[in-house]
Amino acid sequence: MLTDYTNQLLQSMQRVFGAQSEMGLATEQLSQQLLDYEKKNFALGKGDEEVITTLQRFAKTVGELNSLHSELANQMADSMVFPLIQFREKDLTEISTLKEIFGIATDEHEAAMVKYSRLPKKKENEKLKADLIKEVAYTRRKQHQASLQYYCALNALQYRKRVAMLEPMLGYTQAQISFFKKGIELVSKKMDSFLNSVEKMTQNIQAQLDMEAEAMRACQRELLSVEDTVYTLDKDTESVNRTLIQKAGYLNIRNKTGLVTTAWDRLYFFTQGGNLMCQPRGAVAGGMVLDLDNSSVMAVECEDRRYCFQITSPSGKTSMILQAESKKEYEEWICTVNNISRQIYLTDNPEAVAIRLNQSAIQAVTPITSFEKRQEGSPNPDRAKPGGIHATSGASQKTGSALEPEDLIAPGTPIQFDIMLPASEFLDQNRSGGRRTNPFGETDDDCSAESDDSLLQQVFVVRFLGSMAVRCGNNPEVIYEAMRQVLAARAIHNIFRTTESHLMVTSSDLRLIDPQTQVTRMTFQLGEVCQFVAHQENARLMGFVVENRDGSDADEEGEPSFSAFVFESNTEGEKICYTINLAKDIAEAKKDPEALAQLMKNMPLTNDGKFLLLEPETDNTTNEDGQEDLESEA
């Protein structure tokens, strides 16, 4: 806008200068024409002597006036047109050049960040990583320096613009006054005070410009004297702030470009209230990407990229995967989205609420890597609809809809995130309800015979999320609360690695088997599994409660204890619960030969005499030729 206005103003001033120059040429021509009258010798020349004398005086006056007009034109060229041309060619061109340099530096920084974002994590090349980090630091410093020069020039332009607007008109007016002074001294005296004031104002502006320019140069030197760690990635000296309710910065977002292909775009994201906003480069405003209220966020591993996390809407239909620049940014984004999803920003003092919730979450959920001695405790889930059949223990437990979290899981109960334990912890593991077999996969003869005679063997691929001690075993709410606390602990402490196992369901026990070595990691007797249920909203989550007693020889005398185990499966959790329920029915029927025979008669069997699990029917009709399609996904 300033360039366009300057060009239009310069065009108007050049027109005035052209008109003044034309005025000098016109008056010179007029003076010559008046002198030429004497040379014409008109036939009708009576009284021409007086006319010629008068015209010669007029010609002399016009000649003197012509010299004044020529002088005025020269003054206009020097004091009106030239300063504005100099402002346009020097100052405005400098701004355009610095803007292009800043754009080039920004593009180089973006290219360096794209290279760094593509840095592989699995096959990490230290030399390549060091080179890319140096390149990013160099481009950031270059961009910072270019931006400072550009911004300083913009600040200086505000002063130069004012001088450039006033100086030409000052020169124009002074030239006109000089032109009229020789004829009208009175007019010039009236303008002297005004011109003096304008001249003093111009001098003051120039003095302010000099002071501001010196201050900007000192500030630029101070900002550029920082350490290189300011521009280096993953060199944050400040600790992670887990109580943020607002966050802004650049993130990489994964977009689908085809059926199986994806692309990553680096965009500027920021939170506004309960919304996640995005503003592409060059846009004047941002747009809403996702409503964060009641959404979920968790760290994920994606396409060999580091610092990735996923945000999912409450319905689960919308999700996005984002990548942060550094570990600090990655953790702060996860915590910020988690705080916003709880609608903390709607409270009167959201900062205090966020600090209090974060402190209570850290105190209530502490991750450990082993089964420690548990305290008796309890939780209260928000949902209470069991996903499978469950058994009840002989101990008296609190029931009803008025259960609080403390009635289900004790506050501060430690959580185990891995099922691989050192040898010194085998005893604690047995007390928690799980039993390890021989690490080489060998078992006792009676166990082998029982496995061979098992009427049911169904395998599911699961991932172990966590386990913890609970206070009761006859209420599905305890499993829902365990799921909530385990997932909350993983989100708070950024634990996203899981252990994949094969869960084998037989008519006598449940086994967790290492998929690579086929070694049984843990075994749960079917009679000890007193509760199992699938999550209502996340169909892939399921869990069960195992009962065990402190006395190994006298089960009736020992006080019962309970442990909840939470898993994520590749199939629906309801299928696993259905299979466990069937296994319990078979185990109960084995006590009565007639009941077992009736059960085997009602259920389809495989060729080796084991039960064939069926998928849930989709309609009332059954196709006899498509029985193979009804088998379980195991």
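Accessible areas in these legends come from the Shrake-Rupley method with a 1.4 Å probe, and the structure shown is a predicted model.

**View 1. The whole protein chain, with its secondary structure and its exposed surface.** In this predicted model, the protein chain holds 12 helices and 16 strands. The chain exposes about 36,000 Å², of which carbon and sulfur atoms supply 51%, while buried residues make up 42% of its 634 residues. Among the contacts with a separation of 6 or more, 69% are between residues that lie 24 or more positions apart.

**View 2. The open sheet of seven strands and the helix packed on it.** The strands of this open sheet follow the order β4-β3-β2-β1-β7-β6-β5, and their pairing is antiparallel. The edges are taken by β4 (287-291) and β5 (296-302), each of which has a single partner strand, so one side of each is left without a neighbour in the sheet. When direction is ignored, neighbouring strands of the sheet are turned by 40 degrees against each other on average. Helix α5 (residues 327-341) packs on the sheet, where it touches β1 (248-256), β2 (262-272), β3 (275-279), β5 and β6, and the direction of α5 makes about 10 degrees with that of β6.

**View 3. The pairing of β6 with β7, and the backbone of Y307.** Strand β6 (residues 305-312) and strand β7 (residues 319-323) run antiparallel and are joined by five bridges. Within this pairing, Q310 stands opposite I321 in β7. Y307, which also lies in strand β6, has a phi near 60 degrees, a positive value in a residue other than glycine. With a relative accessible area of 17%, Y307 is under the 20% cut-off and therefore counts as buried.

**View 4. Strand β10 and its two antiparallel partners.** Strand β10 is mostly covered, given that 11 of its 14 residues are buried. It pairs with β11 in the antiparallel sense over eight bridges, and the bridge partner of V461 in β11 is H502. The pairing of β10 with β16 is likewise antiparallel and likewise runs over eight bridges; here F464 stands opposite F567 in β16. S467 lies in strand β10 and, at 0% relative accessibility, counts as buried. S467 and M483 are 16 residues apart along the chain, and their C-alpha atoms are separated by 9.0 Å.

**View 5. The largest nonpolar core, with the surroundings of F544.** In soluble globular proteins, nonpolar side chains tend to be buried together. The largest nonpolar core of this model has 26 residues, of which L510, F524 and F544 touch the most other members. Two or more residues each are given to this core by β10 (457-470), β11 (499-506), β12 (509-513), β13 (520-525), β14 (529-534), β15 (541-549), β16 (560-569) and α11 (573-589). The largest share, six residues, comes from α11. If its neighbours within four places in sequence are left aside, F544 is in contact with I479, L510, F524, V529, Q531, F532, S563, A564, F565 and F567.

**View 6. Helix α11 and its buried residues.** Helix α11 has 17 residues and reaches 24 Å from its first C-alpha to its last, close to the 24 Å expected at 1.5 Å a residue. Of these 17 residues 12 are buried, so α11 is largely enclosed by the rest of the structure. The buried residues are G573, K575, I576, C577, T579, I580, N581, L582, A583, K584, I586 and A589, a list that includes the lysines K575 and K584.

**View 7. The loop between β12 and β13.** Q518 lies in the loop that runs between β12 and β13. Its phi is near 60 degrees, which is a positive value in a residue other than glycine.

**View 8. I104 in helix α2, shown with A146.** I104 lies in helix α2 (residues 48-117) and, at 48% relative accessibility, counts as partly exposed. I104 and A146 are 42 residues apart in sequence, and from C-alpha to C-alpha they are 9.3 Å apart in space.

Methods
Residues numbered from 1 in each chain as written. Predicted model: local features only at pLDDT ≥ 70, side-chain atom pairs only at ≥ 80, totals over all residues. Heavy atoms only, no water. Helix = DSSP H or I, 4+ residues; strand = E, 2+ residues; numbered from the N terminus. Buried < 20%, exposed > 50% of the residue type's maximum accessible area, 1.4 Å probe, protein only. Contact = heavy atoms within 4.5 Å. Core = buried A, V, L, I, M, F, W, Y, C linked by side-chain atoms within 4.5 Å. Pairing = 2+ DSSP bridges. Axes fitted to C-alpha atoms, helices over the stretch in contact; angles between N-to-C directions. Expected span 1.5 Å × (residues − 1).
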